[in-house]
Amino acid sequence: MSDDLNLQKMMDAFDELDFEQRTTTNLENARNKQQMTAYIDSLDFSLRRLLILQDTVNSIVEQKKLDLLKQEHIQTYKTKIINLSRKYNISYQDVIDIMVQLQR
């Protein structure tokens with residue numbers, strides 16, 4: 001019986017170790033700066049490669065910010081159209097149709 005208990009403890013320890021490795025050595029699972037730093041340090045990149053990584057990350061971050069800003073503008077525009085449709089008691093599509101006609 002104690003062999004079964006020791007075996008179970010050993011299996012639990014391996015499961016915990018496996019979970020710990022998956023959460024700290026995988027960038028997909030990194031949720032904070034410390035975990036990301038640990039993962040990047042584990043890559044053992046040279047300064048040159050780290051600078052390329054930094055440039056790449058900065059580019060991606062800027063693109064995400066632009067995408068978010070575009071989405072905010074679209075949402076603001078949609079809200080303005082909804083407010084116009086309520087103000088004049090016409091449908092959303094009617095407001096868009098009127099805007100298209102005015103633009104021509």
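Which side chains meet in a salt bridge? Keep that question in mind while the whole chain is on screen, and bear in mind throughout that this is a predicted model.

**The whole chain**

Begin with the protein chain in cartoon view, where the secondary structure comes to 4 helices and 0 strands, so that the pattern read along the sequence is α-α-α-α, as defined by runs of helix. If you then switch on the surface, the chain exposes about 9600 Å², of which carbon and sulfur atoms supply 56%. Of its 104 residues, 5% count as buried.

**The salt bridge in H3**

Next, select Lys65 and Glu62 and show their side chains, which meet in a salt bridge with an N to O distance of 4.0 Å; the structure holds 1 salt bridge. Both residues belong to helix H3, and because they are 3 residues apart there, about one helical turn separates them. Lys65 is exposed, with a relative accessible area of 51%, whereas Glu62, at 45%, is partly exposed. The two labels follow from the cut-off, because a residue counts as exposed only when its relative accessible area is over 50%.

**The loop before H3**

Move now to Asp44, which you will find in the loop between helix H2 (33-43) and H3. Its backbone deserves a look, since Asp44 has a positive phi of about 55 degrees although it is not a glycine. With a relative accessibility of 67%, Asp44 counts as exposed.

**The loop after H3**

Continue to the other end of H3 and select Tyr88 and Asn89. Tyr88 is found in the loop between helix H3 (47-87) and helix H4 (92-103), and Asn89 has its place in the loop between H3 and H4 as well. Asn89, although not a glycine, has a positive phi of about 55 degrees, and at 71% relative accessibility this residue counts as exposed. Tyr88 also counts as exposed, at 54% relative accessibility.

**The patch around Tyr88**

Keep Tyr88 selected and add Leu84, Ile90, Ile98 and Leu102 to it, with the surface shown: together these residues make a nonpolar surface patch of about 490 Å².

**Where H3 meets H4**

For the last stop, hide the surface and display H3 and H4 alone. Two packed helices are described by the angle between their axes and the distance between the axes. Here H3 and H4 pack at an angle of about 105 degrees, with their axes 8 Å apart, which makes H3 roughly perpendicular to H4. To see the contact itself, select Tyr77, Lys78, Ile81, Ile82, Leu84 and Ser85 on the H3 side, and Tyr92, Val95, Ile96 and Met99 on the H4 side. Leu84 may already be highlighted from the previous stop, because Leu84 is named both in the nonpolar patch and among the H3 residues that make this contact.

Definitions and conventions:
Residues are numbered from 1 along each chain as its sequence is written. This is a predicted model: local features need pLDDT of at least 70, side-chain atom pairs count only at pLDDT 80 or more; totals for chains, interfaces and linings use all residues. Side-chain values use heavy atoms; hydrogens and water are left out. Patches are made of residues with over 30% relative accessible area and no salt bridge: like charges are joined within 9 Å, nonpolar side chains (Val, Leu, Ile, Met, Phe, Trp, Tyr) within 5 Å. Accessible areas come from the Shrake-Rupley method with a 1.4 Å probe; for residues, only the protein chains shown count as cover. Helices (H or I, at least four residues) and strands (E, at least two) are DSSP runs, numbered from the N terminus. Buried means under 20% relative accessible area, exposed over 50%, partly exposed in between (1.4 Å probe, protein chains only). Axes are lines fitted to C-alpha atoms, for helices over the stretch in contact, and angles run from 0 to 180 degrees between N-to-C directions. Angles under 35 degrees count as roughly parallel, over 145 as roughly antiparallel, 65 to 115 as roughly perpendicular and the rest as oblique. Contact means heavy atoms within 4.5 Å.
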